[in-house]
Structure formats: structure tokens, C-alpha cells
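Please open the model in a viewer and keep the sequence panel visible. The tour below proceeds by selections, each followed by what is found there.

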Protein chains: 2
Amino acid sequence: MNSKQTPKAQKTREHILETALGLFASQGYDETTMRDIAAAAGCSLGLAYRYFARKEEMVLELYEQCARELEEEVSKLPPGPLAGRFVSAIEADLRRISLYRTTMGALFSAGLAPNSEVAVLGDRVAGIRTRVWGIFRVVITGATDAPKPAQVTQLATLFYAVHLLIVLFWLQDRSPAQERTHELLKFGRETLGRLRPLLGLPPVAKPLARLAGIVGPMFGPVESAEDAGGGAAGEDENGSRGSVPIGAGG
Amino acid sequence: MNSKQTPKAQKTREHILETALGLFASQGYDETTMRDIAAAAGCSLGLAYRYFARKEEMVLELYEQCARELEEEVSKLPPGPLAGRFVSAIEADLRRISLYRTTMGALFSAGLAPNSEVAVLGDRVAGIRTRVWGIFRVVITGATDAPKPAQVTQLATLFYAVHLLIVLFWLQDRSPAQERTHELLKFGRETLGRLRPLLGLPPVAKPLARLAGIVGPMFGPVESAEDAGGGAAGEDENGSRGSVPIGAGG
DNA sequence: AGCTTTTAGTGAACATGTTCAACTTTTATT
DNA sequence: AATAAAAGTTGAACATGTTCACTAAAAGCT
């Protein structure tokens with residue numbers, strides 16, 4: 001398992017990770033070589049690779065850390081309208097990762113190549129995805145105008161997807177201080193606020209459910225089989241199953 | 001300029017490119033090394049680099065080629081409802097790039113790191129973006145239910161953005177034969193068809209215009225300044241200026 | 001033709017992510 | 001303590017994208 005190593009090893013590992021993240025934050029991801037990390041951590045190149053099979057693996061850890069912190073911050077979010085809570089959560093997330101812009105870029109970058117598991121939608125990240133998805137659940141259920149339970153799961157899935165897109169947008173946003181992203185968020189809040197009353201109406205609810213059914217499985221760990229999303233809106237309370245143990249990093 | 005080289009050089013260049021694209025298609029992008037390419041093309045490693053400063057640059061050329069072909073195919077699309085034409089264009093695009101899944105993945109992957117110019121949203125691709133954006137203009141104006149001219153530009157920008165997202169989705173889609181993507185397209189067609197009548201109504205048109213104003217500049221070449229998208233919906237007929245000479249590859 | 005300049009082409013060398021066989025230290029066992 | 005097994009650690013070596021000083025061919029000029 002994971003936490004059953006010698007304390008010494010654990011300490012070494014953490015030391016290397018912290019060193020790496022520090023370098024990532026200060027000089028950027030690409031500019032930080034594994035040799036830099038080893039040197040700064042005062043160990044050999046090989047040792048870094050003992051604890052992190054690939055450079056990206058360190059980013060993964062960062063991602064998890066951010067998710068954990070975000071979880072806490074969101075749990076403290078005051079009740080309020082759904083739109084406001086959603087945007088606040090996103091803003092908190094962006095604030096948190098802003099130190100690691102290029103590093104997160106690497107994560108998403110790797111995520112784009114359908115190969116590496118160390119990617120936003122890769123297998124290795126399944127646990128974190130589940131966790132973040134859960135955060136959006138809290139965002140929704142904690143809203144003063146939360147939709148009825150049957151819709152919560154679907155909405156969480158869609159929020160998760162939108163969240164991903166916004167981070168993508170943010171990564172690309174070259175405007176000063178990423179003001180364009182914040183404009184987008186403002187727009188999102190207003191629009192979502194305006195749309196909120198319609199969420200319960202079938203002409204809106206049904207397409208949303210269908211969309212969640214299509215998009216959700218992309219976030220799932222592997223996929224067993226064929227009930228993916230045949231025809232209409234199957235309200236079977238999933239769409240992005242969370243059956244993966246969260247802290248199950250190998 | 002570009003086409004002012006010796007015919008011999010031009011030929012060599014094309015030969016290398018074709019060899020490379022062939023290898024990309026048959027064994028994947030990452031699996032094809034520059035040395036492979038040079039060997040298969042019967043030239044030295046250095047020569048390949050003389051014509052293509054980086055490996056990604058070859059992908060760029062592929063992207064441009066696809067854009068050109070798509071342009072032609074779309075121009076032959078029969079008149080019909082907007083939704084159908086849009087989805088048909090996307091499908092044509094996907095069909096075209098399906099041979100080069102991993103290769104396109106590389107393009108988008110690089111595109112995610114905000115560094116490299118050889119990226120979907122990078123400077124080097126500005127010309128191609130403009131071109132593709134133009135394709136969506138044609139998609140719109142050629143529809144039997146085309147919106148009024150003032151909206152065409154905005155809609156083209158949004159279509160371009162959605163197109164990017166769909167390719168992203170497609171790249172990640174691990175379902176057999178990418179059926180999930182096609183489901184998404186079906187959903188998109190139906191939804192867009194249903195929404196089409198509302199496009200002219202201010203409560204819909206205004207937010208769309210605003211969104212286009214926010215998103216559009218991301219696709220622009222560099223950005224001059226500050227009129228990016230201040231407050232309300234500025235219908236100033238742009239949102240994604242196409243003032244870049246299309247074939248201006250340096 | 002003989003010279004110069006520009007273009008085409010080469011392959012060794014470098015940087016960096018990654019692997020691996022060997023070495024050292026720690027822990028468990030007798 | 002002596003020995004064996006496991007865990008920790010090392011640095012050389014490899015693969016691959018990229019660079020560069022250099023050679024070979026071609027074109028231009030007198």
C-alpha cells in the first residue's frame with residue numbers, strides 16, 4: 001500500500017516533492033529539470049525516480065493537494081444562490097493553482113495526449129476526479145436554491161465538465177491578470193442565475209440529463225460496458241460513478 | 001518568402017513531410033522519431049531540421065492541409081438547416097483527421113502549454129484559425145435558416161470554439177469508434193435545431209454576443225489592446241478579427 | 001574556366017526524461 | 001554478533017528532440 005513505507009523513505013519522498021513543487025512554482029515546469037530537482041533536494045537523479053516514476057507524477061500530487069484544500073474551502077462556503085457558489089468555487093480553485101500555472105498546463109497537456117495515464121482524464125487521476133466531482137456536489141447541495149436530489153448528480157457532472165473547460169480557458173488566457181477568464185466567470189454567474197429557475201422544467205431538465213449521460217462516462221475510471229448512454233435521458237442516478245477509493249494512489 | 005526556394009529544396013521538403021505524415025499515421029506521433037523520419041526519407045537528421053524547425057511544425061502543416069480540404073468539402077455542402085450543416089462540417093472534419101488521432105493530439109497537447117507557438121491557439125496557427133473560422137462562416141451563411149448578418153460573425157466565433165471543444169472531446173473519447181462523440185454531435189444537432197428559432201430574440205442574442213466577445217479574442221493573433229469586452233454586448237461586428245493573411249507561414 | 005557566395009546536406013554533440021545494474025544502509029533472522 | 005533479506009541510493013547509460021560547426025553542391029560573377 002501507500003503509507004506503509006519506512007518513515008525515512010516517506011520523509012525523503014516528501015522532501016523531494018516539496019523541492020520540486022518549489023522549483024516548479026518559481027521557475028516553471030518545463031524549465032525545471034529532474035536534475036535540478038535532484039540537485040536542489042540534495043539527492044541523486046535516480047532517487048527522485050524511485051519515488052516518482054515520472055516527472056508528471058509530481059504534478060499529480062500537486063493536483064491532489066489542491067483538490068484537498070479546495071474541498072475544505074468549499075465546505076466553508078456560506079449558503080447562497082447556486083450560481084454564486086459555483087463561481088466562488090471556481091475562483092477559489094483558480095486562486096489556488098495560480099502559482100502553478102505552467103505546472104497545471106503540463107498536467108492538462110499530458111492529459112491531451114490520449115496515451116499517458118498521468119492526465120486529467122487518465123486512470124491515475126480517477127480518484128482525484130471523484131473527489132473534485134464530490135466538491136461540486138457540495139457546492140450544489142449547499143445552495144439555497146439547490147435543485148431536487150435527482151438532478152444533483154447530473155448537475156455535478158456538468159459542473160465538473162465546465163470547471164475543466166474554465167481551467168483550460170484560464171491556462172490559455174493571455175490577457176493581463178487573466179481578466180478575460182474572470183469576465184467569463186461573471187458572465188457564467190449571471191447566466192446560470194438567470195437559467196436556474198428553468199432547471200426543473202422538462203424541456204431543460206431532459207436535455208441536461210442527456211448531456212450529463214454523454215459527458216459523464218468520460219470522467220469515469222475505465223468503463224465496464226454498454227449502458228453508456230443509449231437513447232433518452234436515463235435518470236439512473238449515476239453518470240459519473242464514484243466507486244473508486246479516493247486515496248488509492250499506488 | 002515561402003515559395004521562393006529552389007525547386008529542389010521544395011521537393012525535398014515535401015518528400016520529408018510526406019514521409020513524416022505517413023509514419024505518423026501508421027505508427028503514431030510519439031512513436032515516430034525524427035531519426036525514423038530521416039531514415040525513411042533517406043536523408044540526414046539535420047536536413048529534416050533544416051525544413052522543419054521542430055517536429056510539431058510538421059503537424060502544423062498537416063493541420064493546414066486538413067483545413068484546406070475541409071474548406072472545399074464544406075463549400076460543397078448542400079443548403080439546409082443550420083444545425084445540420086454545422087454538425088456535418090464537424091463530422092467531415094473528424095473524418096478527415098481520424099487517421100491522425102495521435103498526431104492531432106500532439107498539436108492540442110502542445111497547445112495546452114501556454115508556451116509553444118506551435119499550438120492550436122499559438123501565433124503560428126493564427127492563419128489556419130482564421131481559415132477555419134471562415135469555414136464556419138460559410139456553414140452559417142449557406143444555411144436555409146441563416147441568422148441575420150449581424151449575428152453571423154459572432155456565431156462563427158462560437159462555432160469555432162465549440163468545434164475546438166468537440167475535437168478535444170473526440171481526442172479523449174475512448175469509446176469504441178468514438179461513438180460517444182457522435183452521440184454528442186447528435187445531441188448537438190437536435191439541441192441547436194430546437195434553439196435556432198430563439199437566436200434572434202434579445203434574451204438569447206445578447207448573451208450570445210457577449211460570450212462571443214469574451215471568447216473571440218482568445219483566437220486572435222496577438223491582441224492590440226483594451227476594447228476586449230468591457231461591459232455589455234458590443235455588437236461591433238467583430239469578436240474574432242480575421243485580418244491576418246491566411247497563407248502567411250514564415 | 002576560376003573564384004565567390006549562397007544553398008543543401010551531414011553527423012557529431014548536447015539536454016533532458018527515463019532506465020538499470022550495482023552499491024550501501026537498514027532491518028530482520030538466527 | 002553474524003548473516004541474509006529488504007529498502008535506500010547512486011551514477012552511468014540510453015533515447016530522442018534539438019543545435020551547430022562543418023562539408024558538398026549549386027549558382028552567380030569576372
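Begin at the side chain of A:Tyr51, where an N or O atom is 3.2 Å from a phosphate oxygen of DNA strand D. Such a polar contact is a pair of N or O atoms within 3.5 Å; within protein, one must be able to donate a hydrogen and the other to accept it, and residues adjacent in sequence count only if both atoms are side-chain atoms.

Before going further, note that this is a predicted model, in which local features need pLDDT of at least 70, side-chain atom pairs count only at pLDDT 80 or more, and totals for chains, interfaces and linings use all residues. Residues are numbered from 1 along each chain as its sequence is written, chains are lettered from A and ligands numbered from 1 in the order in which they are written, and side-chain values use heavy atoms, with hydrogens and water left out.

**DNA strand D**

Stay with DNA strand D and select A:Arg50, which has a polar side-chain atom 2.8 Å from a phosphate oxygen of the strand. On the other chain, select B:Lys55: a polar atom of its side chain lies 3.0 Å from a phosphate oxygen of DNA strand D.

Now widen the selection to every residue near the strand (one of its heavy atoms within 4 Å). DNA strand D is surrounded by 20 residues, of which A:Ala9, A:Arg50, B:Met34, B:Arg35 and B:Tyr49 are the closest. Of the strand's atoms that come within 4 Å of the protein, sugar and phosphate account for 57%.

Colour this surface by helix (helices being DSSP runs of H or I with at least four residues, strands runs of E with at least two, numbered from the N terminus). At least two residues each come from α1 (7-27) and α3 (45-51) of chain A and from α2 (34-41) and α3 (45-51) of chain B. The largest share, four residues, is supplied by α3(A). By residue class, the surface near DNA strand D holds eight nonpolar, six polar and six charged residues. Here Ala, Val, Leu, Ile, Met, Phe, Trp, Tyr, Cys and Pro count as nonpolar, Asp, Glu, Lys and Arg as charged, and the others, Gly among them, as polar.

**DNA strand C**

Which residues are the closest to DNA strand C? They are A:Met34, A:Arg35, A:Tyr49, B:Ala9 and B:Arg50, within a set of 20 that surround the strand. Of the atoms of DNA strand C within 4 Å of the protein, 58% belong to sugar or phosphate, and the rest to bases.

Select the backbone of A:Met34, where a polar atom is 2.8 Å from a phosphate oxygen of DNA strand C. A polar backbone atom of A:Lys55 is 3.0 Å from a phosphate oxygen of this strand, while for A:Arg54 an N or O atom in the side chain is 3.2 Å from one. The helix that gives the most to the surface near DNA strand C is α3(B), with four residues.

**Chain A and the core**

Show chain A alone: its secondary structure comes to 10 helices and zero strands. Of its 250 residues, 49% count as buried (under 20% relative accessible area; exposed is over 50%, partly exposed in between; 1.4 Å probe, protein chains only).

Next, select A:Phe136, one of the residues with the most contacts inside the largest nonpolar core, which has 142 residues. A nonpolar core is a set of buried Ala, Val, Leu, Ile, Met, Phe, Trp, Tyr and Cys residues joined through side-chain atoms within 4.5 Å. Beyond its neighbours within four places in sequence, A:Phe136 is in contact (heavy atoms within 4.5 Å) with A:Phe86, A:Ile90, A:Ala156, A:Phe159, A:Tyr160 and A:His163. Ring pairs link A:Phe86, A:Phe136 and A:Phe159 into a cluster.

Rings of Phe, Tyr and Trp (its six-membered ring) pair if their centres lie within 6.5 Å; planes under 30 degrees apart count as stacked, over 60 as edge-to-face and the rest as tilted. There are 10 aromatic pairs over all chains. In one of them, B:Phe24 and B:Tyr29, the ring centres are 4.9 Å apart and the planes stand at 55 degrees, so the pair is tilted. Both B:Phe24 and B:Tyr29 are buried.

**The loop between α8 and α9**

Finish in chain B with B:Asp173, found in the loop between α8 (149-172) and α9 (179-195). B:Asp173 counts as buried, at 0% relative accessibility. Leaving out residues up to four places away in sequence, B:Asp173 touches A:Met218, B:Arg101, B:Gln178, B:Glu179, B:Arg180 and B:Thr181.

In the loop between α8 and α9 of chain B, select B:Ala177. Although not a glycine, B:Ala177 has a positive phi of about 60 degrees. Most residues other than glycine have a negative phi. B:Ala177 is exposed, with a relative accessible area of 65%.
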